[in-house]
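Trainee: I should like to take a close look at a single part of this model, and to see how that part sits within the whole.

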Protein chains: 2
Amino acid sequence: MNTDQLNQHEALLVKNGLKKTGARLRVLDILSGSEAAASQPDIEHVVGKDIDRVTLYRILKTFEEKGIIHRIIDNQGTANYAFCHNNCSEHAHHDEHLHFNCVNCQKVYCIDNAHLPHFKLNLPPGFSLQQLSFVATGRCENCSKLTEQK
Amino acid sequence: MNTDQLNQHEALLVKNGLKKTGARLRVLDILSGSEAAASQPDIEHVVGKDIDRVTLYRILKTFEEKGIIHRIIDNQGTANYAFCHNNCSEHAHHDEHLHFNCVNCQKVYCIDNAHLPHFKLNLPPGFSLQQLSFVATGRCENCSKLTEQK
DNA sequence: TAAACAATTGCAACAAAATTGCGTTTATAT
DNA sequence: ATATAAACGCAATTTTGTTGCAATTGTTTA
Ligand SMILES: [Mn+2]
Ligand SMILES: [Mn+2]
Ligand SMILES: [Zn+2]
Ligand SMILES: [Zn+2]
């Protein structure tokens with residue numbers, strides 16, 4: 001609904017050589033509007049019949065390949081999607097921040113300022129490291145509140 | 001096929017109050033025989049029609065609940081299973097080791113002796129931590145060899 | 001050793017998640 | 001305005017996982 005944001009999203013599509021379509025802008029809008037990563041089922045539920053299931057899958061895949069969003073698999077194996085903050089591109093993702101997966105609501109939060117340590121991993125011979133990811137589990141802010149109230 | 005191992009597996013079932021059945025022993029045998037974690041599709045493929053799909057799911061679920069095996073979701077969202085080494089039980093899992101997910105063959109390796117650092121995570125207010133897991137991605141030993149040869 | 005009984009399994013049906021092929025529509029460049 | 005590749009919608013299929021129920025089986029006990 002926000003015009004500034006709409007222009008921003010349109011620019012994002014153009015920058016990545018993607019056509020400006022209603023479906024794509026809709027997905028970008030949904031992702032913008034949620035504090036946590038959006039799960040595939042959630043997105044699908046929100047858009048309803050406005051966007052065909054297959055189209056949605058293709059949009060998410062394209063966005064991921066272009067480095068616009070990144071996919072986070074939660075503890076149940078469900079795909080969640082969030083905007084990339086860093087300089088991710090078609091060639092490589094650089095989303096090396098903490099992901100927090102709530103055990104209660106299952107939401108996945110991207111946490112940028114939990115400063116993660118740098119250290120040497122002691123891998124077995126022959127194993128070469130490309131990326132190390134950190135996944136925290138616990139209760140998110142909302143769900144912690146709910147527990148207190150009981 | 002190994003008699004020692006068979007007895008060991010039977011004892012494991014008895015210890016956990018589970019009946020000794022062919023299907024369960026078969027699953028334990030498969031898990032024993034693979035250096036990496038076994039994916040659900042792999043196991044299903046290996047057992048073929050010997051074990052009904054539903055039975056397999058139930059066996060894996062039971063084993064996980066009893067603390068016999070733990071589930072690792074890989075980067076594609078596929079469930080992988082491996083024996084628990086530590087003192088996991090019906091009540092809690094303690095599989096806090098590194099998981100290595102190969103980008104080429106997708107296999108998941110449990111790596112016990114990659115000493116992971118202890119440190120304080122800086123979580124946003126209201127977020128409470130239960131567990132932190134480390135997932136490395138890269139090429140496993142086998143797949144590294146394959147690349148060299150080309 | 002035979003009966004008893006709960007645990008385990010197999011089958012059928014269903015649901016959700018994801019993919020493929022193909023014909024049609026549409027955004028954009030010329 | 002037109003051409004064209006990109007994007008989309010629809011149908012069909014595959015994979016993954018679940019539920020209910022009846023039949024079977026492992027173990028306990030008499
Ligand atoms: Mn993230
Ligand atoms: Mn493990
Ligand atoms: Zn939560
Ligand atoms: Zn590999």
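What does the accessible surface of chain A come to, and what percentage of it belongs to carbon and sulfur atoms? Within that setting, which residues are the protein donors of the zinc ion (ligand 3)?

Mentor: Please bear in mind that this is a predicted model. The accessible surface of chain A comes to about 8700 Å², and carbon and sulfur atoms account for 48% of it. Of the 150 residues in chain A, 41% are buried. The chain comprises five helices and six strands, arranged from the N terminus as α-α-β-α-α-β-β-β-β-β-α.

As for the zinc ion (ligand 3), its protein donors are the SG atoms of Cys102(A), Cys105(A), Cys140(A) and Cys143(A), at 2.2 to 2.4 Å from the ion. Angles among the four donor atoms run from 103 to 115°, and the site is tetrahedral. Along the chain, the donors follow the spacing C-x2-C-x34-C-x2-C. Distant parts of the chain are thereby linked: Cys105(A) belongs to the loop between β4 (98-102) and β5 (108-111), whereas Cys143(A), 38 residues apart from it, belongs to helix α5 (residues 141-149).

The two residues of this pair also differ in accessibility. Cys143(A) counts as buried because its relative accessible area is 4%, under the 20% cut-off. Cys105(A), at 31% relative accessibility, is partly exposed, since that class lies between 20% and 50%.

Links across the sequence also appear in the contacts of chain A: among those with a separation of 6 or more, 52% join residues 24 or more positions apart.

How values were computed:
Residues are numbered from 1 along each chain as its sequence is written. Chains are lettered from A and ligands numbered from 1 in the order in which they are written. This is a predicted model: local features need pLDDT of at least 70, side-chain atom pairs count only at pLDDT 80 or more; totals for chains, interfaces and linings use all residues. Side-chain values use heavy atoms; hydrogens and water are left out. Donors are N, O and S atoms within 2.8 Å of the metal (3.2 Å for Na, K and Ca); water is not among the atoms, so sites may look incomplete. Four donors count as tetrahedral if all angles lie between 85 and 135 degrees; four count as square planar and six as octahedral if opposite donors are over 155 degrees apart and all others between 65 and 115; anything else is irregular. Helices (H or I, at least four residues) and strands (E, at least two) are DSSP runs, numbered from the N terminus. Buried means under 20% relative accessible area, exposed over 50%, partly exposed in between (1.4 Å probe, protein chains only). Contact means heavy atoms within 4.5 Å. Accessible areas come from the Shrake-Rupley method with a 1.4 Å probe; for residues, only the protein chains shown count as cover.
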